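Reader: Could you take me through one part of this model with some care, beginning with a single loop residue and its surroundings, and then working outwards to the elements around it?

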Amino acid sequence: MNASFLTLTKKTHSCIRLERNGQSLVIDPGGFTEDDAAVGADAILVTHEHPDHFNEARLRAALESNPAARVWTLRSVAEQVSAAFPGRVHTVGHGDTFTAAGLEVQVHGELHAVIHPDIPRITNIGFLVDGSVFHPGDALTVPDHSVDTLMLPVMAPWSKLSEVIDYVREVKPRRAIDIHDALLTDLARPIYDSQIGALGGTDHGRLAPGDATRL
């Protein structure tokens with residue numbers, strides 16, 4: 001692992017930007033996040049095709065802003081953008097490893113969490129970056145690797161608070177930072193903060209969009 005620090009910047013909803021040594025990697029610049037969330041990034045990772053995680057216009061803007069930028073994602077997303085950017089969109093799945101923006105990435109997981117039994121499940125992958133930061137997308141995937149910082153999908157149509165707490169307990173990260181929080185109102189946040197903080201068994205926090213922290 002590189003000795004220099006990694007900077008995490010939270011974007012709206014499930015999007016984060018990780019930066020080290022002048023290179024940046026963005027995960028899930030979807031339709032709920034800022035228009036320029038991935039602009040200037042050296043690498044973009046997309047966990048699945050749902051519009052709050054994948055927005056074709058935002059992805060195209062990022063690739064056009066930096067001709068050296070590359071994308072790593074699952075097949076359902078790659079098929080929508082690879083023709084326009086030949087050689088720059090890489091299809092990955094569970095068990096794959098690669099280097100993006102100077103950071104080592106491992107892929108974990110295969111399926112989106114169950115929204116309802118009547119809704120077919122789609123594919124979903126999570127990314128473990130630098131052996132320390134895990135972004136699961138829309139699933140409660142437990143990687144077979146220790147996790148320092150868990151990006152925690154805190155509120156979604158497919159989850160309930162008890163599952164979120166049990167997920168933190170199972171992963172056992174050193175810290176958990178909220179993502180997937182655009183649907184969580186400020187009025188309800190203290191309930192989630194207190195319950196996850198008291199019962200999760202680890203340091204739990206959240207960042208406002210645009211806030212950054214060193215990992």
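Author: A good place to begin is Thr33, which is found in the loop between strand S3 (23-27) and strand S4. The model is a predicted one, and in it Thr33 has a relative accessible area of 6%, so it counts as buried, the cut-off being under 20%. The side chain of Thr33 takes part in two polar contacts that can be described here: one reaches the backbone oxygen of Thr12 at 3.2 Å, and another, of 2.7 Å, joins it to the side chain of Glu34. Leaving aside residues up to four places away in sequence, Thr33 touches Lys11, Thr12, Cys15 and Arg58.

Arg58 leads on to helix H1, which spans residues 56-65, and from there to the sheet. Seven strands make up this open sheet, in the order S6-S5-S4-S3-S2-S1-S14, with mixed pairing. Strand S6 (89-91) and strand S14 (212-214) each have a single partner strand and therefore stand at the edges, one side of each being left without a neighbour in the sheet. From one strand to the next, the twist averages 20°. Towards the S6 edge, strand S5 (residues 70-73) pairs with S6 in the parallel sense over three bridges, and Trp72 has His90 in S6 as its bridge partner. Helix H1 packs on the sheet, where it touches strand S4 (43-46) and S5, and its direction makes about 160° with that of S4.

Strand S4 also matters for the interior. The largest nonpolar core has 43 residues, and Leu25, Ile44, Leu45, Phe98 and Phe127 are those with the most contacts inside it; the largest share of this core, four residues, comes from S4. Another core, of 15 residues, lies apart from it and includes Leu128, Ile165, Val171 and Tyr192.

Two residues of that second core, Ile165 and Val171, bring us to helix H3 (residues 161-171), in which Val164, Ile165, Tyr167, Val168 and Val171 are buried. These residues cover an arc of only 155° around the axis, and so they lie on the same side of H3. The buried residues of H3 are covered by elements that include strand S10 (133-135), strand S11 (149-153) and helix H4 (189-199). After H3 comes Lys172, which has a positive phi, near 60°.

Terms used
Residues are numbered from 1 along each chain as its sequence is written. This is a predicted model: local features need pLDDT of at least 70, side-chain atom pairs count only at pLDDT 80 or more; totals for chains, interfaces and linings use all residues. Side-chain values use heavy atoms; hydrogens and water are left out. Two strands pair if DSSP finds at least two bridges between them. Axes are lines fitted to C-alpha atoms, for helices over the stretch in contact, and angles run from 0 to 180 degrees between N-to-C directions. Contact means heavy atoms within 4.5 Å. Buried means under 20% relative accessible area, exposed over 50%, partly exposed in between (1.4 Å probe, protein chains only). A polar contact is a pair of N or O atoms within 3.5 Å; within protein, one must be able to donate a hydrogen and the other to accept it, and residues adjacent in sequence count only if both atoms are side-chain atoms. A nonpolar core is a set of buried Ala, Val, Leu, Ile, Met, Phe, Trp, Tyr and Cys residues joined through side-chain atoms within 4.5 Å. The arc is that of the directions from the helix axis to the C-beta atoms.
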